[in-house]
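Me: I am new to this structure. Can you teach me how to read it, one feature at a time?

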Amino acid sequence: HESLVHPAMVTAGNPERVLILGTGEGAALREVVKYSSVKEIVTVDIDYELIKYVKEYLKEFHNDSFRDPRVKEVYQDAVDYVRNAMITGERFDVVIMDLTDPYGSEIGAKVYSVDVIKGIYSMLNNHGALIVQAGSSFLFPREYGVVYDTVKLIFPLVTEYQVWVPSFMYSESFILATKGVNPVKLSSEMVDEVLRINGVKTRFYNGRVHSALMTLGSYNRT
């Protein structure tokens, strides 16, 4: 989850408002609350009962981050949330999509549609970043390719990277998209400085790791 969250957060600079689509076990939220610059975090999940269970039994994943006063919990389908947020004019610096893999259920696949990605684009501030947990480009190249091509259709700058996840026993693929800031061009010193200024402590991610991730790309997709 450090690899999911921090490249987007650092690319956005000092983000103040963050949207997490797919709260899950709360590990992404755990990483976001580390940033002192953040003023509000909106978490969106369709399953209230699941998050209730997570809060009680999976504290080793979320570290009680749900208790942070900056967190606003929304229980709604992510597609509906994005649609309504466009109407109300919501704005974010970072959007994190940590949802069901694109090769998962048909319901989950809808969140990767052109309309949803367009909605997220419209909600992002000019310096903002979208990060998508997009499954495995090696094991599911077709499904991953559809998501990548959709994001590439909407965003001018799209970067792919991957990280080996021991608990999954495969490399997880990520898609990082922005309107103008190029995460590939961020120096390791700049990344470390953003982390330092925001008081962020990590176990894996740092400036050197960021630079390495930005060169990995994804597995060949045919």
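Reply: We will go through the sheet, then one helix, then some backbone angles. Keep in mind that this is a predicted model.

Me: Let us begin with the sheet. In what order do its strands lie?

Reply: Read a sheet from one side to the other, not along the chain. Here, 7 strands form an open sheet in the order β3-β2-β1-β4-β5-β7-β6. The pairing is mixed.

Me: Which strands are at the edges?

Reply: Look for strands that pair on one side only. These are β3 and β6. Neighbouring strands of the sheet are turned by 15° against each other on average, with direction ignored.

Me: How do β2 and β3 pair, parallel or antiparallel?

Reply: Parallel. Strand β2, residues 40-45, is joined to β3 over 5 bridges. One residue pair to find is Thr-43 with its bridge partner Glu-73 in β3.

Me: Which strands does helix α5 touch?

Reply: Ask what a helix packs on, then how it is directed. Helix α5, residues 78-88, packs on the sheet and touches β1, β2, β3 and β4. Its direction makes about 145° with that of β1. Now take helix α7, residues 114-123: it lies across β1, β4 and β5, and runs at about 145° to β5.

Me: Which residues of α5 are buried?

Reply: Ala-78, Val-79, Tyr-81, Val-82 and Ala-85. They cover an arc of only 165° around the axis, so they sit on the same side of α5. Their cover includes β1, β2, β3, β4 and α7.

Me: What does the face turned away from that buried side carry?

Reply: The exposed residues Ile-87 and Thr-88.

Me: What should I look for at the two ends of α5?

Reply: Check side chains at the start and the backbone just after the end. At the start, a side-chain oxygen of Asp-77 comes to within 2.7 Å of the backbone nitrogen of Val-79. Just after α5, Gly-89 has a positive phi of about 80°.

Me: Which residues other than glycine have a positive phi?

Reply: Two to look up are Asn-63, with a phi of about 50°, and Met-169, with a phi near 65°. Place each one in the chain. Asn-63 is in the loop between α4 and β3. Met-169 is in the loop between β6 and β7.

Me: Is Asn-63 buried or exposed? And what about Met-169, buried or exposed?

Reply: Use the relative accessible area, where exposed means over 50%. Asn-63 has 52%, so it is exposed. Met-169 has 59%, so it is exposed.

Terms used. Residues numbered from 1 in each chain as written. Predicted model: local features only at pLDDT ≥ 70, side-chain atom pairs only at ≥ 80, totals over all residues. Heavy atoms only, no water. Helix = DSSP H or I, 4+ residues; strand = E, 2+ residues; numbered from the N terminus. Buried < 20%, exposed > 50% of the residue type's maximum accessible area, 1.4 Å probe, protein only. Pairing = 2+ DSSP bridges. Axes fitted to C-alpha atoms, helices over the stretch in contact; angles between N-to-C directions. Contact = heavy atoms within 4.5 Å. Arc of directions from axis to C-beta. Polar contact = N/O pair within 3.5 Å; in protein donor to acceptor, adjacent residues only side chain to side chain.
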